Amino acid sequence: MPPSHASTSDSKPAASSGGVQSLERAFDLLERMADAGGEVGLSELSASSGLPLPTIHRLMRTLVVCGYVRQQPNRRYALGPRLIRLGESASRLLGTWARPYLARLVEETGETANMALLDGDEIVYVAQVPSKHSMRMFTEVGRRVLPHSTGVGKALLAHTPPEEVRALLARTGMPAATEKTITTPDGFLDALEQVRRLGYAVDDNEQEVGVRCLAVSVPNSPNSAAISISGPAGRVTEAATERIVPILQQAAKELSDALAGSGTTG
């Protein structure tokens, strides 16, 4: 999935006319820290942001005092623990905001609709609207699974550099949930290439026997997110896939647009 914002100073938005520049700069630095893996030095932040070192030092000191950044023994700066509570609350709200779009997916496809995030090395489901069929799929909100056996996992990792994907798989392992689960890094990377080529991901009996899932990433989501539909393999057929995928992609685009505008004030 493409990153939600670019990593170069040239592509960062200029301070808005009605904004508070110091706040915009502080949040920009937090995002750059996240892009860098959560820990950076002042010189790295200065190089990427284009801000002078004294300005960055002043902003970082304020963030440290507030608990949003912590200074490590090696003098580098890391994202702080107070961000965890904010992130958890935002993730719950993200699921709430997605529910109307998932509900429409259920109406238009007839199958259960889900939203999932990439949280560390795992996939976590944050929202679901169940199908109205008596035979339907159910995934508990809050459930965590490994990416290699899910459609949402493939959708979320499709645009991640191969070396990062291999490192993730080395950390998690690739246990087989079914006989069709992909259990080798090369096989999973091939599947990600197919996602990039087709524009959507498929879980074909890989997480649960008899269940087929179609998934797409949510473009430009604040954190890596994907939506999916899942149902019995007998209903989510190849023919059904051709009909469902455009609906799924349109829902992802509309959700992306809604999230991008969610912070707008009049």
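Student: Which residue in E3 stands opposite Arg70?

Tutor: This model is predicted: local features need pLDDT of at least 70, side-chain atom pairs count only at pLDDT 80 or more, and totals for chains, interfaces and linings use all residues. Residues are numbered from 1 along each chain as its sequence is written, and side-chain values use heavy atoms, without hydrogens or water. E2 and strand E3 (residues 77-79) pair in the antiparallel sense over three bridges; strands are DSSP runs of E, at least two residues, and helices runs of H or I, at least four, numbered from the N terminus, while pairing requires at least two DSSP bridges between two strands. Opposite Arg70, in E3, stands Ala78.

Student: Which strands stand at the edges of the sheet E1-E3-E2?

Tutor: The three strands form an open sheet with antiparallel pairing, in the order E1-E3-E2. Two of these strands pair on one side only, and they are strand E1 (39-40) and strand E2 (69-71).

Student: In what order do the strands of the six-stranded sheet stand?

Tutor: This sheet is open, and its pairing is antiparallel. At its edges are E6 and strand E7 (201-204), each with a single partner strand, so one side of each has no neighbour in the sheet. The order is E6-E5-E4-E9-E8-E7.

Student: How many residues lie between E4 and E5 in their hairpin?

Tutor: Strand E4 (residues 112-119) pairs with E5 in the antiparallel sense over seven bridges, and Leu117 stands opposite Val124 in E5. In the turn of the hairpin, Gly120 has a positive phi of about 65°. The number of residues between the two strands is two.

Student: Which residue in E6 is the bridge partner of Val124?

Tutor: E5 also pairs with strand E6 (residues 144-145), in the antiparallel sense and over two bridges. Within that pairing, the partner of Val124 is Arg144.

Student: Is strand E5 largely enclosed or largely open?

Tutor: A residue is buried under 20% relative accessible area, exposed over 50% and partly exposed in between, with a 1.4 Å probe and protein chains only. In strand E5 (residues 122-129), seven of the eight residues are buried. The strand is therefore, with respect to the rest of the structure, largely enclosed.

Student: Which residue in E9 is the bridge partner of Val216?

Tutor: Strand E8 (residues 211-217) and strand E9 (residues 225-232) are paired in the antiparallel sense. Seven bridges join the two strands. The partner of Val216 in E9 is Ile227.

Student: How far apart in space are Gly231 and Pro130, C-alpha to C-alpha?

Tutor: Gly231 belongs to strand E9 and is buried, with a relative accessible area of 0%. In sequence, Gly231 and Pro130 are 101 residues apart. Their C-alpha to C-alpha separation in space is 9.9 Å.

Student: What arc do the buried residues of H3 cover around the axis?

Tutor: The buried residues of H3 are Thr55, Ile56, Leu59, Met60 and Leu63. They lie on the same side of H3 because the arc, taken from the directions between helix axis and C-beta atoms, is only 125°.

Student: Which exposed residues does the face of H3 turned away from its buried side carry?

Tutor: An α-helix has 3.6 residues a turn, so residues three or four places apart point the same way. Helix H3 (residues 53-66) has 14 residues. Its face turned away from the buried side carries Pro54, Arg58, Arg61 and Val65.

Terms used
Expected span 1.5 Å × (residues − 1).
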